[in-house]
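Open the model in your viewer and keep the sequence panel beside it. The tour goes from one selection to the next and says what is there at each stop.

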Amino acid sequence: MENLPPATIRKANAGDIDGIMKIERLSFHSEVVESKKVFEDRIAVFPDGFLIAEIETKGGKIIAGYVSSELWPYSEAIPYSNFSLNHSIYETHSNDGDELYISSFAVDPSVRGGKIGKHLFTALIDCVSKKYKLKSAILMVSSDWQNAYKMYQKEGFAAVSKISGFFPASENSGSEDDLSSAGIIMKKCLINNY
Ligand SMILES: CC(C)(COP(=O)(O)OP(=O)(O)OC[C@H]1O[C@@H](n2cnc3c(N)ncnc32)[C@H](O)[C@@H]1OP(=O)(O)O)[C@@H](O)C(=O)NCCC(=O)NCCS
């Protein structure tokens with residue numbers, strides 16, 4: 001994407017919620033969109049792990065993307081329920097956790113392809129790594145979200161397991177039989193950040 005103004009990355013605050021929810025709704029299938037309350041709780045509970053990208057437009061600053069996260073105690077056997085859409089951060093986050101779970105991530109469709117996503121994603125891992133002792137980062141991506149999957153691979157994440165039928169089918173997922181898509185769990189070791 002050409003002529004994109006530079007994005008500023010900063011921590012989200014409660015006043016950003018409408019801009020965040022707008023991008024959430026534009027980016028995900030209605031059955032995958034998480035609730036405003038879930039996002040408000042993420043900002044309140046772990047503000048160090050919730051970043052937004054802002055760009056300057058003629059009408060003023062607008063939110064162009066966001067990334068949210070939680071800290072989980074490292075485990076080789078994470079319950080699948082931890083990945084559930086709309087789970088409350090109050091049930092899963094611990095400030096002493098050493099695994100960064102990236103819970104949601106999206107860029108406004110009108111400015112995708114201009115490196116805002118990459119900038120946000122790397123800033124999150126860098127910022128949280130500086131303040132907390134992280135062993136690893138983990139996320140779940142739908143098998144339908146190929147652009148995100150490619151980005152995660154480029155950033156050093158590898159698929160470690162797959163949950164069939166985790167996500168409802170996207171509008172363009174093909175045959176009528178294809179009613180859902182797999183959730184792919186990806187991980188990256190961050191031990192060198194110690
Ligand atoms: C995933 C997403 C956040 C990326 O944001 P973005 O600002 O468009 O991404 P960037 O321009 O920073 O690109 C970063 C990398 O993503 C991948 N990527 C992004 N757009 C792509 C495309 N159209 N085709 C192929 N790869 C693409 C590439 O690996 C790219 O790196 P490269 O340009 O060096 O090859 C954005 O596409 C989005 O919001 N998607 C919908 C929501 C979503 O899937 N979220 C992930 C939930 S797990």
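**Stop 1: the hairpin and its neighbour**

S2 and S3 form a hairpin with 2 residues between them. The model is a predicted one: local features are given where pLDDT is at least 70, side-chain atom pairs count only at pLDDT 80 or more, and totals for chains, interfaces and linings use all residues. Residues are numbered from 1 along each chain as its sequence is written. Helices (DSSP runs of H or I, at least four residues) and strands (DSSP runs of E, at least two) are numbered from the N terminus.

Select strand S2 (50-57) and strand S3 (60-72). The two run antiparallel and are joined by 8 bridges; strands count as paired if DSSP finds at least two bridges between them. Glu 56 stands opposite Lys 61 in S3.

Now add strand S1 (residues 8-11). S1 and S2 are also antiparallel, with 4 bridges between them. Ile 9 stands opposite Ala 53 in S2. Select Thr 8, which lies in S1. From Thr 8 to Ala 53 the C-alpha to C-alpha distance is 5.4 Å, although 45 residues separate them in sequence. Is Thr 8 buried or exposed? Neither label fits: Thr 8 is partly exposed, because it has 13 other C-beta atoms within 10 Å. The cut-offs are 20 or more other C-beta atoms within 10 Å of its own for a buried residue, 12 or fewer for an exposed one, and partly exposed in between, with C-beta atoms placed from the backbone.

**Stop 2: helix H1**

Select residues 17-27, which make up helix H1. Which residues of H1 are buried? They are Ile 20, Ile 23, Glu 24 and Ser 27. They lie on the same side of H1 because they cover an arc of only 105° around the axis; the arc is that of the directions from the helix axis to the C-beta atoms. An α-helix has 3.6 residues a turn, so residues three or four places apart point the same way. Asp 18 and Arg 25 are exposed on the other side of H1.

Show what the buried residues of H1 pack against: helix H2 (36-45), S2, S3 and strand S4 (99-107). Then pick Ile 20, which counts as buried because it has 23 C-beta neighbours inside 10 Å. Leaving out residues up to four places away in sequence, Ile 20 touches Ala 12, Phe 39, Ile 52, Ile 63 and Tyr 66. A contact here means that the C-beta atoms of two residues, placed from the backbone, lie within 7 Å.

**Stop 3: two residues with positive phi**

Select Asn 86, in the loop between S3 and helix H3 (89-92). Asn 86 has a positive phi of about 65° although it is not a glycine. Most residues other than glycine have a negative phi. Asn 86 counts as exposed because it has 10 C-beta neighbours inside 10 Å.

Move to Lys 115, in the loop between S4 and H4. Its phi is also positive, near 75°. Lys 115 is partly exposed, with 16 other C-beta atoms within 10 Å.

**Stop 4: around the ligand**

How many residues surround the ligand? There are 18, and the closest are Arg 112, Gly 117, Lys 118, Ala 148 and Met 151. A residue is near the ligand if its C-beta atom, placed from the backbone, lies within 6 Å of it. S4, helix H4 (116-131) and helix H5 (146-154) are the elements that give two or more residues to this shell. H5 gives the most, with 5 residues. The shell divides into 8 nonpolar, 5 polar and 5 charged residues. Ala, Val, Leu, Ile, Met, Phe, Trp, Tyr, Cys and Pro count as nonpolar, Asp, Glu, Lys and Arg as charged, and the others, Gly among them, as polar.

**Stop 5: the strands around S7**

Select strand S7 (residues 180-189) with strand S5 (residues 136-142): they pair in the antiparallel sense over 7 bridges. Ser 136 has Cys 189 in S7 as its bridge partner. Add strand S6 (residues 158-168), which runs antiparallel to S7 and is joined to it by 7 bridges. Here Phe 167 is the bridge partner of Ser 181 in S7.

**Stop 6: confidence**

Colour the model by pLDDT, the predictor's confidence in each residue, from 0 to 100. The mean for the protein is 92, and 91% of its residues reach 70 or more. Finish at residues 171-177, where pLDDT stays under 50 and the model has 4 contacts beyond four places in sequence. Where pLDDT is low, the predicted coordinates should not be read in detail.
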